[in-house]
Amino acid sequence: MAEFYDTLETRAPEAREAALFAALPAQVALAQRHSPALARILDGVEAAAVRDRAALARLPVTRKSELLQLQQAAREQGSDAFGGFATQGWGAGMPRVFASPGTLYEPDGARPDHWRLARAFFAAGIRPGQLLHNSFSYHFVPAGAMMESGAHALGCTVFPGGTGQTEQQLQALAELRADAYVGTPSFLRILLEKAAERGTALPHLRRALVSGEAFPPSLRDWVAERGVQAFQCYASADLGLIAYETEAREGLVLDEGVIVEIVRPGTGEPVAEGEVGEVVVSSFNPVYPLLRFGTGDLSAVLPGHCPTGRSNTRIRGWLGRADQTTKVRGMFVHPAQVAEIARRVPGLGRLRLVVSGEMADDRLLLRAECDAPGQAPLAERLGEAVRDITRLRAEVELCATGSLPNDGKVIEDARSYR
């Protein structure tokens, strides 16, 4: 059995980096020419100069919440449904359009394996000629179609189970003798519990690719005890596959078709390797060329390479949400404001704004890492910066460098709501 989906997975990291950044200027130019929204966002950017990570990091980050707002504003003005982010309209180049909560609309593309999911299926041990039972939704959202296109690209047959109807789905799994399941891990558990309850044997079901929810080791082990080896992938309707799990079970390997950065929440500034931050992705999708797209998800880069031999960067997986916006004394406080405090007072380590107290009695504490925690003038400067930027007063606690948790959290809501 082949170990890798293609030779891209084992190329030298330097060769991968060179290939991605050699292709990036053309993607920036395509976005500027054919996406009105990105043309505005990238106004003044010389596409040919975006050839390395430093140049990429100077481009603005467009976050998912902003994308939704821009789409809604454009629709209210009678413009296109995608807010100017798509490069083409209805027709053969966009066979389907999907909707996510919000409502956020996402275009499909006509290329085979448009969302690049085949690689994740292969890493999960699924092979050509097998039958996949797809329990992701085919209604409104793209999840079902995303997975189906990847399975077809790999050479598999798909049963489009969709969501719900547990009894009928279990019947199809048993009678069609599906080799693999694709869907959420929670529904896989429901199906396996129902099979045990009814005494339905599923001897052919040995592999699964799960996504859309957290997949803790406890659930992974529970599924494995029932004969199914399940692997997770990290994908989104906007970007397709971002990262996938391998047999090594040591983090998620980045897909070959995206550039991923981990940035400090509320900013576009890349963090050091191992530091928790927001996942920002640049894709090479010709229909929806999202560049420096902030997913709102937190993760961190793992050192070294996957023991399976795949040489791409690994991330720790989903570690929470980056949008920690909190209302304090009637005022919204944003992660970007904490980042602005750090810019005003340079030389600090991590910052953490802690909101405590009870309802209608909010208290603010700014905890800041520094090399000499006993500096009273520094604490005063930080207190002034908090007042200037947030219009709120806060106590300041100076901490030793490295003492705050590496969890990506810059605003902590520790209030009691009892």
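Here are a few friendly notes on this predicted model, covering its two domains and one histidine.

1. Start with the overall layout. The chain splits into domain 1, spanning 13-321, and domain 2, spanning 326-413. Between the C-alpha centres of domain 1 and domain 2 there are 34 Å.

2. Next, look at where the domains touch. Eight residues of domain 1 make contact with eight residues of domain 2. Together the two domains bury about 680 Å², with 49% of that area on carbon and sulfur atoms. On the domain 1 side, 50% of the area buried against domain 2 comes from Pro 265, Glu 275 and Val 276, more than from any other three residues.

3. Polar links also cross this boundary. Two salt bridges are counted between domain 1 and domain 2, along with four residue pairs in polar contact. The side of domain 1 that touches domain 2 is made up of three nonpolar, three polar and two charged residues. For a salt bridge to find by eye, try the side chains of Glu 275 and Arg 350, which meet at 2.7 Å, N to O.

4. Now turn to His 114, in the loop that runs between strand S3 (104-107) and helix H5 (118-123). Is His 114 buried or exposed? His 114 counts as buried because its relative accessible area is 3%, under the 20% cut-off.

5. Which residues surround His 114, leaving aside its neighbours within four places in sequence? They are Pro 107, Asp 108, Gly 109, Ser 149 and Asn 285. With Asn 285, the His 114 side chain forms a side-chain polar contact of 3.3 Å.

6. Finally, a distance to try in the viewer: the C-alpha atoms of His 114 and Ala 368 are 44 Å apart, and 254 residues separate the two along the chain.

Technical notes. Residues numbered from 1 in each chain as written. Predicted model: local features only at pLDDT ≥ 70, side-chain atom pairs only at ≥ 80, totals over all residues. Heavy atoms only, no water. Domains from an automatic or database assignment. Contact = heavy atoms within 4.5 Å. Buried area = accessible area lost by both parts, 1.4 Å probe. Salt bridge = Lys/Arg side-chain N within 4 Å of Asp/Glu carboxyl O. Polar contact = N/O pair within 3.5 Å; in protein donor to acceptor, adjacent residues only side chain to side chain. Nonpolar A, V, L, I, M, F, W, Y, C, P; charged D, E, K, R; others polar. Helix = DSSP H or I, 4+ residues; strand = E, 2+ residues; numbered from the N terminus. Buried < 20%, exposed > 50% of the residue type's maximum accessible area, 1.4 Å probe, protein only.
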